[in-house]
Amino acid sequence: MRLILLGPPGAGKGTLAARLTDRLSVPHLASGDILRAEIRQGSDLGTAVQKYMDSGQLVPDDVVIQVMIHSLTQPDCAAGFILDGFPRTLPQAQALNDKLTDSGLPIDSVIYLDADEEVIIARLAGRRVCPLCGANYHLQTMPPAKYGKCDRDDADLQTRPDDDPEVIRTRLQEYHRLTQPLLEYYAAAGRFARLDGNKNIDQVYRQAQQVLTKTFSSIDDL
Ligand code: AP5
Ligand code: MG
């Protein structure tokens with residue numbers, strides 16, 4: 001099961017991937033989460049990417065390609081993976097395709113989560129994240145049990161630095177300029193499905209379930 005989730009910032013890629021990873025027993029590889037972990041650790045890579053992420057611009061292709069190809073070739077990805085946030089440009093998609101073609105392991109399904117701009121803005125404005133475990137909440141649609149605290153480890157929830165309104169504008173521009181062309185690339189390659197990401201979390205999950213059970217007839221417990 002090798003799956004790509006595509007979509008604009010705030011469409012719900014991470015939220016859907018977190019549900020699918022539990023059910024499918026394959027790792028959730030979120031490029032943004034991997035890069036944020038490097039920033040938290042203060043690594044050279046983290047220092048190099050922080051200025052791009054804080055301003056809402058994409059990190060250069062060569063850096064992201066190296067990090068993500070490394071991640072998806074680790075032993076825990078032997079049975080597959082869910083890619084969230086990668087690829088995000090045509091050169092990234094081509095590099096991924098080259099790597100997977102060489103390994104004889106093509107992508108099985110590409111799911112595009114589409115969402116309207118006003119929905120995206122409301123979602124990013126209300127998002128809260130746990131700085132310890134990375135769990136994702138929303139003040140209205142996915143609140144924690146205890147206000148401001150992570151359900152898993154009781155840490156104080158935070159807003160993501162790039163969820164600032166001006167940075168969101170830049171992220172959306174970058175999405176339209178560099179990532180949207182991937183929709184045509186993957187639609188032409190087949191095994192591509194568009195989901196209505198404006199729906200609530202359960203409805204989005206059910207749409208994904210329908211696509212995946214059609215693609216993988218062996219999956220009956222999603
Ligand atoms: P990244 O972390 O990938 O951010 P993004 O793509 O902008 O997407 P988000 O994580 O903001 O949104 P999401 O779609 O995951 O939504 P979520 O599920 O959280 O990238 C950040 C930065 O890293 C980039 O700007 C760039 O600098 C760099 N980067 C990363 N990958 C790169 C690459 N490949 N190349 C170059 N640079 C790269 O949901 C949002 C909120 O809505 C949450 O609060 C959630 O609870 C709520 N919610 C989710 N779904 C629903 C629903 N259906 N109904 C109601 N509420 C919902
Ligand atoms: Mg995300």
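The legends below describe close-up views of a predicted model, covering the surroundings of ligand 1 and the pairing of strand E3.

**View 1. Residues around ligand 1.** The shell around ligand 1 holds 36 residues, among which Thr-15, Ser-31, Gln-57, Arg-127 and Arg-171 come nearest. By residue class, the shell divides into 14 nonpolar, 13 polar and nine charged residues.

**View 2. Polar contacts and coverage of ligand 1.** Gln-57 places a backbone N or O atom 2.6 Å from an oxygen atom of ligand 1. Two side chains also take part: a polar atom of Asn-136 lies 2.8 Å from an oxygen atom of the ligand, and a polar atom of Lys-13 lies 2.9 Å from an oxygen atom of the ligand. Of the 1,000 Å² of accessible area that ligand 1 has on its own, the protein covers 97%.

**View 3. Secondary-structure elements in the shell of ligand 1.** Two or more residues each are supplied by helix H1 (13–24), helix H2 (31–41), helix H6 (117–126), strand E6 (136–138) and helix H9 (201–215). Helix H2 gives the most, with four residues.

**View 4. The two faces of strand E3.** In a regular strand the side chains alternate between the two faces of the sheet. Strand E3 (residues 81–84) has both faces covered, with Phe-81 and Leu-83 buried on one side and Ile-82 and Asp-84 buried on the other.

**View 5. Strands paired with E3.** Strand E1 (residues 2–6) runs parallel to E3 and is joined to E3 by four bridges; Leu-5 has Asp-84 as its bridge partner in E3. Strand E2 (residues 28–30) also runs parallel to E3, through three bridges, and His-28 stands opposite Ile-82.

How values were computed
Residues are numbered from 1 along each chain as its sequence is written. Chains are lettered from A and ligands numbered from 1 in the order in which they are written. This is a predicted model: local features need pLDDT of at least 70, side-chain atom pairs count only at pLDDT 80 or more; totals for chains, interfaces and linings use all residues. Side-chain values use heavy atoms; hydrogens and water are left out. A residue is near a molecule or strand if one of its heavy atoms lies within 4 Å of it. A polar contact is a pair of N or O atoms within 3.5 Å; within protein, one must be able to donate a hydrogen and the other to accept it, and residues adjacent in sequence count only if both atoms are side-chain atoms. Accessible areas come from the Shrake-Rupley method with a 1.4 Å probe; for residues, only the protein chains shown count as cover. Ala, Val, Leu, Ile, Met, Phe, Trp, Tyr, Cys and Pro count as nonpolar, Asp, Glu, Lys and Arg as charged, and the others, Gly among them, as polar. Buried means under 20% relative accessible area, exposed over 50%, partly exposed in between (1.4 Å probe, protein chains only). Two strands pair if DSSP finds at least two bridges between them.
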